[in-house]
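Dear colleague,

Please find the structure below, handed over for your reference. A summary of what was found in it follows.

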Amino acid sequence: MRVERTSKVVKEKAKDVAIDMAKKAFPNDPKVVGESVATGAARGAVIGGVTGAVGGMGVGAGPGVVGGGILGGAGGAVTGTIRYEIGVALWEKKN
């Protein structure tokens, strides 16, 4: 009897943890899109700056930062929008 109750409690706890993790991965909060754009733009700017400065592409760090920021922001927008729309589909509401 006790083992069955413990097993049921563990299963319920695991289910709750899984749902919490899914809500973090796929939130239904629209601000996740903006955060993803900002993160992508920052990451792209850093990568673009380093690549432009070191890569010998003849561009330089400045244009690399701008180009990388634009591409990173666009990628972040796509990623953020996809995560948000999955969150809305899973959790059935838009905040």
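**Findings**

Lys31 is exposed, with a relative accessible area of 53%. This residue is one partner in a salt bridge with Asp29, in which the closest N and O atoms are 4.0 Å apart. Asp29 itself is partly exposed, at a relative accessible area of 25%. The structure holds 1 salt bridge. In general terms, side chains of opposite charge can pair when their charged atoms come close.

Please bear in mind that the model is predicted. The average pLDDT of the protein is 83, and 87% of the residues score at least 70. Among the elements, helix α1 (residues 2–25) has the lowest mean pLDDT, 84, while helix α3 (residues 61–91) has the highest, 87.

**Overall architecture**

The protein contains 3 helices and 0 strands, and along the sequence these follow the pattern α-α-α. Of its 95 residues, 21% count as buried. The exposed surface of the protein amounts to about 6600 Å², of which carbon and sulfur atoms supply 67%. As for contacts between residues at least 6 apart in sequence, 73% join residues at least 24 apart.

**Helices α2 and α3**

Helix α2 covers residues 31–54. Its 24 residues should span 34 Å at 1.5 Å a residue, and this agrees with the 35 Å between its end C-alpha atoms. Helix α3 has 31 residues and reaches 43 Å from its first C-alpha to its last, close to the 45 Å expected at 1.5 Å a residue. Just after α3, Glu92 takes a positive phi of about 60°.

Which residues of these two helices are buried? In α2 they are Val32, Ser36, Gly40, Gly44, Ala45, Gly48, Gly49 and Gly52. In α3 they are Gly64, Gly68, Gly69, Gly72, Gly73, Gly76, Gly80, Tyr84, Gly87 and Val88. The buried residues of α2 pack against α3, and the buried residues of α3 pack against α2. An α-helix has 3.6 residues a turn, so residues three or four places apart point the same way.

**Two positions in detail**

Ser36 lies in helix α2. Why does Ser36 count as buried? The reason is its relative accessibility of 11%, since buried means under 20%. Leaving aside its neighbours within four places in sequence, Ser36 is in contact with Gly76, Thr79 and Gly80. Of these contacts, the one with Gly76 can be described further: a polar atom of the Ser36 side chain lies 2.7 Å from the backbone oxygen of Gly76. Gly76 and Gly80 are themselves among the buried residues of α3.

Gly75 lies in helix α3. With a relative accessible area of 32%, Gly75 is partly exposed. Its C-alpha atom is separated by 6.4 Å from that of Gly40, although the two residues are 35 residues apart along the chain. Gly40 is one of the buried residues of α2.

**In brief**

The points that may be of most use when viewing the model are the packing of the buried residues of α2 against α3, the 2.7 Å approach between the Ser36 side chain and the backbone oxygen of Gly76, and the salt bridge between Asp29 and Lys31.

Yours sincerely

Note on methods: Residues numbered from 1 in each chain as written. Predicted model: local features only at pLDDT ≥ 70, side-chain atom pairs only at ≥ 80, totals over all residues. Heavy atoms only, no water. Salt bridge = Lys/Arg side-chain N within 4 Å of Asp/Glu carboxyl O. Buried < 20%, exposed > 50% of the residue type's maximum accessible area, 1.4 Å probe, protein only. pLDDT = per-residue confidence, 0-100. Helix = DSSP H or I, 4+ residues; strand = E, 2+ residues; numbered from the N terminus. Expected span 1.5 Å × (residues − 1). Contact = heavy atoms within 4.5 Å. Areas by Shrake-Rupley, 256 points an atom, 1.4 Å probe, with all protein chains shown as cover. Polar contact = N/O pair within 3.5 Å; in protein donor to acceptor, adjacent residues only side chain to side chain.
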